[in-house]
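Open the model in your viewer and keep the selection panel at hand. This tour goes stop by stop.

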Amino acid sequence: MSNNINSDPCFHNFKTSIAEYKLPVRFNYPHYYEPHPLCQLASKELQEYLVNEVKWNHNFSPDPSDSKADIGKMFGVLLVQTEQGKIGYLTGFSGKIAGNNQHQGFVPPILDMLKEDSFFRQGENLISEINQKVIDILESKQYKEAKSSLDNALSQSKDAINDLKTQVKKAKKIRSLRREEAKKNLDEKEFQELDQKLKKESMKAHYTLKDLNRYWKKELQSKQEVLNDLKYRIATLKKERKSRSNDLQKKLFDEYHFLNINGQSKGLIPIFTEAINDIPPSGAGDCAAPRMLQYAFEKGYKPLAMAEFWWGKPPKSSIRKHGNYYPACKSKCEPILGHMLEGMEVDENPMGEMVSNKNLLLETVFEDEYLAVVNKPAGMLSVPGKKIKQSVMSIVEKKYPNATGPLMVHRLDRATSGLLLIAKTKDTHEHLQRQFLTKTIQKRYIALLEKEIENDEGEINLPLRVDLDDRPRQLVCFEHGKPAKTKYRVINRQNGKTRVYFYPITGRTHQLRVHSAHQEGLNASIIGDELYGQISNRLHLHAEKIQFLHPKNNEEMTFKVEAKF
C-alpha cells in the first residue's frame with residue numbers, strides 16, 4: 001500500500017494522481033452500492049499489496065480446490081478527507097486473520113479481545129477449562145466403563161427376558177395340549193388334579209418372569225445411577241459453561257461503543273434494541289465497515305465513500321467470489337451503520353426506490369372468471385413488504401375486489417420478472433396449489449450468467465437454508481438445509497456469457513440464484529444479482545414459461561413471455 005501521513009500508519013495516500021477524479025457528492029448507501037471510482041482504485045492498490053507484500057502466514061489462494069488455501073476474508077476501503085483537506089483511504093478487514101485481529105497498515109478492531117490480559121481472553125480460558133473437564137469425563141475410563149456396563153446389561157436383560165418369554169409361551173402351549181388330551185382320556189377327578197398342577201406350573205412361570213424383570217430392573221437402575229451421576233456432572237459443567245458464555249457475551253457487548261460524525265457514542269446493545277428490538281448477533285461490530293468508520297471518527301477524518309470486497313477462497317456454504325465487491329451485511333452491520341452514519345449525507349437506498357417505483361406496470365397475459373396470468377416486472381414485490389406496500393398482491397386485490405380466493409398462488413423474488421398465477425376463487429387456489437405440490441405445473445426460467453459454463457445441461461442438487469446472520473441470503477447446508485434441485489440447459493454462449501434455461505424441481509427461496517452462483521453449482525452468478533454476484537441494471541432472471549391444467553375444465557394451458565434482456 002501507499003505511504004502514510006502524519007505518522008498515521010492506517011492512512012494511505014494514493015500511489016497515482018487522483019486530480020481527474022471527482023469526489024463523491026454523498027456517502028454511498030452501504031447495503032446496496034456500486035463502488036465509487038476512487039474506492040475501486042483504493043481496492044486495486046490494496047489487492048496489489050495483498051498479492052505482493054502480505055506476510056501473515058495466510059494462504060489467500062482463490063482456488064476452491066486448493067486444500068492448503070485458507071478461507072478468504074472480507075476487506076474494505078474507506079475514502080476519507082483529513083481536516084487539512086488531504087484525500088486518502090483507510091483499509092480494514094472483518095474478524096481476524098492468521099489468529100490476529102490487528103495487522104500493520106489496517107485499522108484496529110473497535111475492541112481488542114485477543115490481548116492476553118483482556119477480560120475476554122480470561123473468560124475464554126475459564127470456558128476452555130470447563131470444556132476440558134467435560135471432555136475429560138466423556139473420555140474417562142470410569143465413564144466409558146459405566147456406559148459399556150449399562151449397554152451390556154441392557155442387551156443381556158433383553159436377551160434373558162426374551163428367552164424366558166419364549167420358554168413360557170412354549171410351556172403354555174404344551175400345557176394347553178396336555179389339558180385337551182386329558183379331557184379325552186381322564187376321569188373328572190384325575191382331570192381336576194392335572195388341571196390344578198398345570199395352573200401351578202403357569203403361576204410359577206408367571207412369577208419366574210416377574211422375578212427376572214424385577215432383577216434386571218434393579219440391575220439396570222443400579223448401573224444407570226452410576227452413569228447418571230457422571231452425566232449430572234457433565235450437565236452441571238455445561239450449565240456453568242453456558243452461564244459464563246452468556247455473561248462473557250453480555251460483558252463483551254457492553255464494551256462495544258460506536259461513534260458517529262457528531263461525536264455521539266452509543267453502545268452495541270442500545271443500538272440493536274432501538275433499531276430492531278433484539279440482541280446483537282455474535283460478531284457484531286467486528287466487520288470492516290464499522291471498524292474503518294470508527295477509526296475515521298476518532299482521527300477526525302471525514303468519510304466520503306466505502307467499498308468491501310472478498311479476497312481468497314470462498315466459504316463452503318455462502319457465496320463469495322474472489323475480488324468481487326459486496327454490500328455490508330444487514331444482520332450485524334445495518335443497525336450499527338445506521339447509528340454511525342447519522343448526521344452524514346448518505347445516498348438513499350436504491351433498492352427502496354426500485355421497489356416503490358409507481359411506474360412499474362403489471363401486465364395481464366390471460367384471465368377468465370377463475371384465474372389470471374400476469375407478467376411481473378423486475379423490481380416489483382410479489383406481496384407487500386414491511387415498508388413497501390406496492391406489490392402484485394396489492395394491485396390484484398384492487399383489480400379483483402370480488403375474488404374469493406387467496407389470489408397469490410406462488411411468488412417471485414422482487415428482482416425476478418416473469419409469469420405468476422392468480423387465483424380468483426378458493427377452489428381455483430386449492431386446485432393450482434395441488435398442482436404445485438404434485439409438481440405437475442411446469443415452469444421455465446431464462447437467465448444470463450456472468451461467464452461461460454462448461455456443460456450443456458445438468459442437474460444441481462444443493463440443500464439450502466437462510467443465513468441467520470445475514471438475511472435474506474441463503475446458504476448451502478447439507479446438515480440443516482432443505483432439499484433443493486434445479487435442472488438447467490444452455491441456450492447459447494456469447495461474449496463470455498451464457499444464456500440458460502432453468503427448470504426448478506423444488507421452489508426454495510433464491511434457489512436459482514444460489515444454484516447458479518455457488519462453486520458447487522454452476523459457479524457463475526446471474527448478471528445483476530446484488531446478493532450473490534455483482535450489481536447491474538437488473539437481475540437477468542425471468543420466469544419465461546408456465547404450463548398447468550385449468551382448474552375448471554382440466555385443459556392444458558401454456559403461457560410464454562419473452563425476457564427483456
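Helices (H or I, at least four residues) and strands (E, at least two) are DSSP runs, numbered from the N terminus. This is a predicted model, in which local features need pLDDT of at least 70 and side-chain atom pairs count only at pLDDT 80 or more, while totals for chains, interfaces and linings use all residues. Residues are numbered from 1 along each chain as its sequence is written, and side-chain values use heavy atoms, with hydrogens and water left out.

**Whole chain**

Start zoomed out. The protein chain has eleven helices and 17 strands. Its C-alpha atoms fill a box of roughly 125 × 75 × 45 Å along the principal axes. The radius of gyration is 34 Å, where a compact globule of 565 residues would have one near 24 Å. That radius is taken over C-alpha atoms, and the globule rule is 2.2 Å times the number of residues to the power 0.38. Of the 565 residues, 47% are buried. Buried means under 20% relative accessible area, exposed over 50%, and partly exposed in between (1.4 Å probe, protein chains only).

**Pro-377 and Ala-423**

Select Pro-377, in the loop between β7 (371–376) and α9 (392–399). Pro-377 counts as buried because its relative accessibility is 17%. Now add Gly-418. The two are 41 residues apart in sequence, yet 6.7 Å apart in space, C-alpha to C-alpha.

Next, pick Ala-423 in strand β9 (residues 417–423). Is Ala-423 buried or exposed? It is buried, at 0% relative accessible area. Its C-alpha is 6.4 Å from that of Tyr-370, 53 residues away along the chain.

**Salt bridges**

The structure holds 20 salt bridges. Each is a side-chain nitrogen of Lys or Arg within 4 Å of a carboxyl oxygen of Asp or Glu.

Show Asp-195 and Arg-179. Their closest N and O atoms are 2.8 Å apart, in a salt bridge. The pair links distant parts of the chain, 16 residues apart: Asp-195 in helix α4, Arg-179 in helix α3 (residues 141–185). Asp-195 is buried at 11% relative accessibility, whereas Arg-179 is partly exposed at 24%.

Move to Glu-530 and Arg-414, which meet in a salt bridge at 3.1 Å, N to O. Glu-530 sits in the loop between α11 (511–517) and β16 (541–549) and Arg-414 in the loop between β8 (407–408) and β9, so the pair ties together parts 116 residues apart in sequence. Glu-530 is buried at 10%, and Arg-414 is buried at 14%.

Then select Arg-473 and Asp-470, bridged at 2.9 Å, N to O. Arg-473 is buried at 6% and Asp-470 at 7%. Go back to Arg-414 and add neighbours: salt bridges with shared partners join Asp-413, Arg-414, Arg-513, Asp-529 and Glu-530 into one network.

**Backbone stops**

Look at the peptide bond from Arg-471 to Pro-472. It is cis, with omega near 5 degrees. Pro-472 lies in the loop between β12 (464–466) and β13 (474–476).

Jump to Asn-495, in the loop between β14 (485–494) and β15 (497–504). Its phi is near 55 degrees, a positive value in a residue other than glycine. Asn-495 is exposed, at 68% relative accessible area.

Ala-98 also has a phi near 55 degrees. Find Ala-98 in the loop between β2 (87–93) and α2 (119–138). Ala-98 is partly exposed at 37%.

**Last selection**

Finish on Glu-188, in helix α4 (residues 188–255). Glu-188 counts as exposed because its relative accessibility is 55%.
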